[in-house]
Amino acid sequence: MTETKTYPAPKENPETTPFWEAARDHKLLIKRCNSCGEAHYFPRSICPFCFSDDTVWEESAGTGEIYTFSIMRKAKPGPYAVGYVTLAEGPSVLTNFVDCDFDALRIGQPVKVVFKETEGAPIPFFTPA
Amino acid sequence: MTIKGKAYIAGIYEHPTRYAPDKSTAQLHAEVAKGALEDAGLRSEDVDGYFCGRDAPGGAWAMVDYLGLKVRHVDSTESGGCSYIMHLGHAAEAIASGKCSVALVTLAGKPRTGDIGTKAVGAEEDFEAAYGATTHNAYAMCAMRHMHDFGTTPEQLAWIKVAASHHAQYNPNARLQDVVTVEEVLASPMISDPLRRMDCCVVTDGGGAIVVTSKEIAQSLNRPLVTLTGHGEAMKGPRGGNRLDLTYSAGAWSGPRAFQEAGVVPQDIKYASIYDSFTITVLMQLEDLGFCEKGQGGKFVSDGNLISGVGKLPFNTDGGGLCNNHPVNRGGMTKIIEAVRQLRGEAHPKVQVPDCDLALVHGTGGLLGLRHGASTAILERTQ
Ligand SMILES: [Zn+2]
C-alpha cells in the first residue's frame, strides 16, 4: 500500500511549541499537573481538572491500546482508520491507525506511536505494536 | 426559579422543500419565519425576540435587519443541531424574566444544493485536524465502542431506521418514503464501520421555525396550548482524554435536568422526538435519557418498539432525520415541530399518538465522539 496521503502542518503557538519541538525528535509529549497529578492531552497550560497552572511536560512511552476506531471506507486518496488510543500514562488520544491492515484492527489491541512528516512539525500516529 | 409553564410554542412551520437551488438561504429563513407566525396567528411586528444559530446568514443582526424585525432580545447560541432546542429553553427564560414576549426561532439552509459554511476552530485543531474525524466516523467510533462494551448489534441499530421508515411512508414531504427492512439496512454499503448508509440521516435543503410566546399571548391565539415544562442542556468532550467514555452523551446530564424541572419521569412520556443524525445517536440518547438502562438500548429499540401504534415509545413520527428531513444538517428544529404536531393532535392520523399530552424533544449538536452539546425539552399540552 503506497502512502500518498499528505497531512496539514500544525500551526504552532506559544502554548504548544514544546510539543512540536519534541515531535521533531519523534517524541510524544503529554502534560501532567503537579497539583492534582492527572495527565491530559492535548496539552494545556492550565490543568482542565483543577485549574492549577503548575502543569509540566512529560514524555509518553508512546504505547497504549485502541479504545475505539472506525474505518472511513470512501475517502480520498483511500480509506483511513480514525480512533482513540488510551496511552499507558492514562490520557486517550485521537489519532489515525497507519501502516497496517485496517480490517484486522481490534479494540484493546496494543499500539505504538509513529510520526509522519508534514511541511511543518511531524504529527503522531499509531500502528500495531 | 423555573421556566415551567412560563412559555408556549404558539407557532410551528416546517418548510416543505427538500431541495431548493432556486432560493437563497436568507429567503428560506424568511419563509419559515412567515410560516410559523401565520401558524400562530401573529404578525412580524409582534416579534420582540429573535433566536438563530450559525446557519443564519450574517448572524442575528443581519437576519433581524433582513426580516425587518424590531427586537428587544436576541440569542445566537450555537451548538450545532441542538441549537434550536437550546433556543427554546432560552426563549422561555427570556419570556419568564420579561425580556421578550414573542420569540421567533429560525433554521434554514441548503446543504443538498451544496451551500454549507465552514466550522469554527478550537485549540484542539492542531492536534486533531490531520486525522480526518468527520461526522460519520465520530459517531461510528461511539457505535464501535458501544458494541464492544454492551454487545449492541447492527441488527438492533437497523431497527431504528426501520421504525423511522414506517413513519415516513405517511409523510408526502419526506425525502425517503419507502418502508425498509432490517435486511435492507444491513445490505446497504458500509460508510464508516460499523455504520452503513441506512444508519445515516438524509441530506436536505430546507428549514423550520417556531414562535414561542408568553402564556397571556398564547391564550389569546386560536391554537392548542403547548407549554415547555422542563429544559436542560449540557456539553461533553474528551476533556483532556481523561477516563474517556464514548458510550454516553451529554444527554445523560441534560435529560435529568429537564425531567426534574418538569416533575415527570421517562415512563410518563407518550411521544419522543429524538435527534437521529445516525441510528447510534438515537440508541445512546434513549439510554442517557433513562428510557432504558445503559447498554440496553439495543434491546429497547428492537422489534418495532419505536413505531407508533406498535411499540411502547413512538419516536420521530415525521420520519425524522433518517427519512424525512435534516435541513442544514441540523435536526433540532424539526424535532420540536413534530412534537408540537403530536401534542396538538395534528400529526398524520396513521402515526398520531392517542391522547398525546406529554412529549420529549432531545437533540445533540457537534460530533458525538469528539465535542458535542445536548439539549432536552419536555412539552405538555395544557388545553
Ligand atoms: Zn490539576
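These legends walk through several close-up views of a predicted model.

**View 1. The zinc ion is held by four cysteines of chain A.**
Start with the metal and look for the sulfur atoms around it. The protein donors are the SG atoms of A:Cys33, A:Cys36, A:Cys47 and A:Cys50, lying 2.3 Å from the zinc ion. If you read along the chain, these donors follow the spacing C-x2-C-x10-C-x2-C. Why is the arrangement called tetrahedral? The angles that the four donor atoms subtend around the zinc ion run from 101 to 116 degrees, so the arrangement counts as tetrahedral. To put that in context, ideal angles for four tetrahedral donors at a metal are 109.5 degrees. Now check how covered two of the cysteines are: A:Cys33 is buried, at 1% relative accessibility, whereas A:Cys36 is partly exposed, at 35%.

**View 2. Three strands of chain A make an open sheet.**
Trace the strands across the sheet and you get the order β2-β1-β3, with antiparallel pairing. Which strands sit at the edges? They are β2 and β3 of chain A, each of which pairs on one side only. Strand β1 of chain A covers residues 29–33, and its antiparallel pairing with β2(A) runs over two bridges. For a spot to zoom in on, pick A:Lys31, whose bridge partner in β2(A) is A:His40.

**View 3. An edge-to-face pair of rings links chain A to chain B.**
Two phenylalanines take the stage here. A search of the whole structure turns up ten aromatic pairs over all chains, and one of them is A:Phe19 with B:Phe127, an edge-to-face pair. A pair of aromatic rings is described by the distance of the centres and the angle of the planes. For A:Phe19 and B:Phe127, that works out as 4.9 Å centre to centre and 75 degrees between the planes. A:Phe19 belongs to helix α1 of chain A (residues 17–24) and B:Phe127 to helix α4 of chain B (residues 125–128), so the pair joins two chains. Are these rings buried or exposed? A:Phe19 is buried, with 1% relative accessibility, and B:Phe127 is buried too, with a relative accessible area of 2%.

**View 4. B:Phe127 also stacks with A:Phe42.**
Stay on B:Phe127 and look for another ring. A:Phe42 and B:Phe127 form a stacked pair, 5.6 Å centre to centre, with 15 degrees between the planes. This pair crosses between chains as well: A:Phe42 sits in the loop between β2 (39–40) and β3 (55–59) of chain A, while B:Phe127 is in helix α4 of chain B. A:Phe42 counts as buried, at 8% relative accessibility. Step back a little, and A:Phe19, A:Trp20, A:Tyr41, A:Phe42 and B:Phe127 form one aromatic cluster. A charged side chain joins the scene too, as A:Arg44 lies over the face of A:Phe42, 4.1 Å from the ring centre.

**View 5. A:Lys5 lies over the ring of A:Tyr80.**
Here is another charge over a ring. A:Lys5 is placed over the face of A:Tyr80, at 3.9 Å from the ring centre.

**View 6. Two cis peptide bonds come just before prolines, at A:Pro77 and B:Pro194.**
In chain A, the cis bond joins A:Lys76 and A:Pro77, with omega about 5 degrees. A:Pro77 is in the loop between β4 (63–72) and β5 (80–87) of chain A. In chain B, a cis bond joins B:Asp193 and B:Pro194, again with omega about 5 degrees. B:Pro194 is in the loop between β5 (190–192) and β6 (195–196) of chain B.

**View 7. A:Asp99 and B:Val328 have positive phi values.**
Neither A:Asp99 nor B:Val328 is a glycine. Phi is about 55 degrees for A:Asp99, which is in the loop between β6 (92–97) and β7 (110–116) of chain A. Phi of B:Val328 is near 60 degrees, and this residue is in the loop between α12 (320–324) and α13 (332–344) of chain B. How covered are they? A:Asp99 counts as partly exposed, at 46% relative accessibility, but B:Val328 is buried, with a relative accessible area of 14%.

**View 8. An annotated domain covers residues 57–116 of chain A.**
The name comes from an unreviewed UniProt entry, which labels this span "domain: ChsH2 C-terminal OB-fold". In the model, the span is 0% helix and 57% strand, and its end C-alpha atoms lie 21 Å apart.

Note on methods: Residues are numbered from 1 along each chain as its sequence is written. Chains are lettered from A and ligands numbered from 1 in the order in which they are written. This is a predicted model: local features need pLDDT of at least 70, side-chain atom pairs count only at pLDDT 80 or more; totals for chains, interfaces and linings use all residues. Side-chain values use heavy atoms; hydrogens and water are left out. Rings of Phe, Tyr and Trp (its six-membered ring) pair if their centres lie within 6.5 Å; planes under 30 degrees apart count as stacked, over 60 as edge-to-face and the rest as tilted. Helices (H or I, at least four residues) and strands (E, at least two) are DSSP runs, numbered from the N terminus. Buried means under 20% relative accessible area, exposed over 50%, partly exposed in between (1.4 Å probe, protein chains only). A charge sits over a ring if NZ of Lys or CZ of Arg is within 6 Å of the ring centre and within 35 degrees of the ring normal. Two strands pair if DSSP finds at least two bridges between them. Donors are N, O and S atoms within 2.8 Å of the metal (3.2 Å for Na, K and Ca); water is not among the atoms, so sites may look incomplete. Four donors count as tetrahedral if all angles lie between 85 and 135 degrees; four count as square planar and six as octahedral if opposite donors are over 155 degrees apart and all others between 65 and 115; anything else is irregular. UniProt positions are given in the numbering used here, feature names are shortened, and annotations may be inferred rather than shown by experiment.
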